[in-house]
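Subject: Structure for your review

Dear colleague,

Please find below the structure that I agreed to pass on to you. I would be grateful if you could read the notes beneath it with the model open.

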Amino acid sequence: MSIGYINGKFISLDELVLPLDERGHQFGDGVYEVIRVYNGVPFMLNEHLDRLITSSKAIKLPITETIEDFTRLINEAIERSQLKDCNVYLQITRGIATRQHLFPEVPVSISMTVRPTKALSEEVRTLGESAIFHEDERWANCYIKSLNLLPNILAKQTAHEAGCFEAILLREDYVTEGTSSNVFMVKDGKVYTTPLSKHILHGITRLAVTKISQKLNIDLIEKHFTKQELLDADEVFITSTTSEVLPIVKVDNQVIGTGKPGEMTKKIYEQFIEETI
Ligand code: PDD
């Protein structure tokens, strides 16, 4: 059963709970995490919570909860939902106060939803997905998982309207990341991904792939690459909590490699699934 949580109370998802003066919806003044639960266990929960704390500190949210408090809360929500495979969406905003730009002196709002996972189809996994390139129009602090996702959703919608799954974002001709994913390419047996900086989200699935590469003795190189280098790659894949490791076989209508999901992507995906069991 899908369930919700807001400021100390578990609720049903259709309950109306927030007053109009809530900074999440008035300013996008908050941060969030999306955590995947496999067989009742939240995947890489500590890493997600570390990132949540980093994001909260970066925007000066006065949270008093500890990582242990969030862990308890998330596990209770999963238990109450009785869902085995689900997604937890956790959001913290600067709280409820009459609209004004300055920080109010009120407690933060913590809310959460737990919903069943909508897994990608087998067809998508075997055929791969397509993407477009799109200018990265976001701000300078994309490492913060902030609620302000307007450039991301506009680019994602543009991709969707072009019949594609994702938009690969470009900053001065270099790939940063996807609208809701990190981007990898494979060339001559080596895997490349954009280095961590303030310009990209430090993806948890990206981190999982770096660990998998070490385990499988795969050369993974963190290096900036251009639009053309990506088009010339043998394989491209994206990573995220919701897509896991997903092959991209066409970008801007140009076929990548053989046009089919490659062996390296398959190997990394299979190991990723191993790690979730
Ligand atoms: N998005 N880059 C961006 C901009 C993202 O929004 C996401 C995830 C990622 C991948 O991060 P992770 O592997 O930690 O999920 C990269 C989530 C899933 C979302 O907004 O729904």
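The notes that follow begin with the protein as a whole and then turn to individual residues.

Please bear in mind throughout that this is a predicted model.

Overall form

The protein contains eight helices and 15 strands. Along the principal axes, its C-alpha atoms occupy a box of roughly 55 × 40 × 35 Å. The radius of gyration is 19 Å, which agrees with the value near 19 Å that a compact globule of 277 residues would have. Of the 277 residues, 51% are buried. Among contacts with a separation of 6 or more, 71% are between residues 24 or more positions apart.

Surface and charge

The accessible surface amounts to about 14000 Å², and carbon and sulfur atoms supply 52% of that area. The protein carries 30 positive and 39 negative charges, and the mean positions of the two sets lie 2 Å apart.

Cysteines

How many disulfides does a search of the whole structure find? The search finds zero. For reference, a disulfide is a covalent bond that joins the sulfur atoms of two cysteines. Two cysteines may be noted here. Cysteine 142 is buried because its relative accessibility, 6%, is under the 20% limit. Cysteine 164 also has a relative accessible area below that limit, at 14%, and therefore counts as buried.

Three buried residues and their contacts

Glycine 4 belongs to strand β1, which spans residues 3-6. Its relative accessibility is 3%, so glycine 4 counts as buried. Leaving out neighbours within four places in sequence, glycine 4 is in contact with Lys9, Phe10, Ile11, Leu13, Met112 and Thr113. Methionine 264 is 260 residues away from glycine 4 along the chain, and the C-alpha atoms of the two are separated by 39 Å.

Serine 56 is part of helix α2, residues 45-58. With a relative accessibility of 1%, serine 56 is classed as buried. Apart from neighbours within four places in sequence, its contacts are Val31, Leu61, Ile63 and Ile92.

Serine 146 is located in the loop that runs between β7 (129-135) and α5 (150-161). Is this loop residue buried or exposed? Serine 146 is buried, at 7% relative accessibility. Once neighbours within four places in sequence are set aside, serine 146 contacts Gly30, Val31 and Tyr32. Val31 thus appears in the contact lists of both serine 56 and serine 146. Between serine 146 and alanine 167, which are 21 residues apart in sequence, the C-alpha distance is 19 Å.

Two residues with positive phi

Which backbone angle deserves attention at asparagine 39? Its phi is near 50 degrees, a positive value in a residue other than glycine. Asparagine 39 sits in the loop between β3 (30-38) and β4 (41-42). The relative accessible area of asparagine 39 is 58%; since this is over 50%, the residue is exposed.

Aspartate 188 likewise has a phi near 50 degrees, and it too is a residue other than glycine with a positive value. Its position is in the loop between β10 (182-187) and β11 (190-193). Aspartate 188 is exposed, having a relative accessible area of 64%.

Further positions

Aspartate 85 lies in the loop between α3 (67-81) and β5 (86-93). At 42% relative accessibility, aspartate 85 is partly exposed, because the value falls between the limits of 20% and 50%. Not counting residues up to four places away in sequence, aspartate 85 touches Val37, Tyr38, Asn39, Pro116 and Thr117. Asn39, the positive-phi residue described above, is therefore one of the residues in contact with aspartate 85 by the 4.5 Å criterion. The C-alpha atoms of aspartate 85 and valine 114 are 9.9 Å apart, with their positions 29 residues apart along the chain.

Threonine 126 is placed in helix α4, residues 122-127. Threonine 126 counts as exposed, with a relative accessibility of 52%. Its C-alpha atom is separated by 39 Å from that of isoleucine 6, which is 120 residues away along the chain.

Yours sincerely,

A colleague

Notes. Residues numbered from 1 in each chain as written. Predicted model: local features only at pLDDT ≥ 70, side-chain atom pairs only at ≥ 80, totals over all residues. Heavy atoms only, no water. Helix = DSSP H or I, 4+ residues; strand = E, 2+ residues; numbered from the N terminus. Rg over C-alpha atoms; globule rule 2.2 N^0.38 Å. Buried < 20%, exposed > 50% of the residue type's maximum accessible area, 1.4 Å probe, protein only. Areas by Shrake-Rupley, 256 points an atom, 1.4 Å probe, with all protein chains shown as cover. Lys, Arg positive; Asp, Glu negative; His and termini not counted. Charge placed at Lys NZ, Arg CZ, Asp CG, Glu CD. Disulfide = S-S within 2.5 Å.
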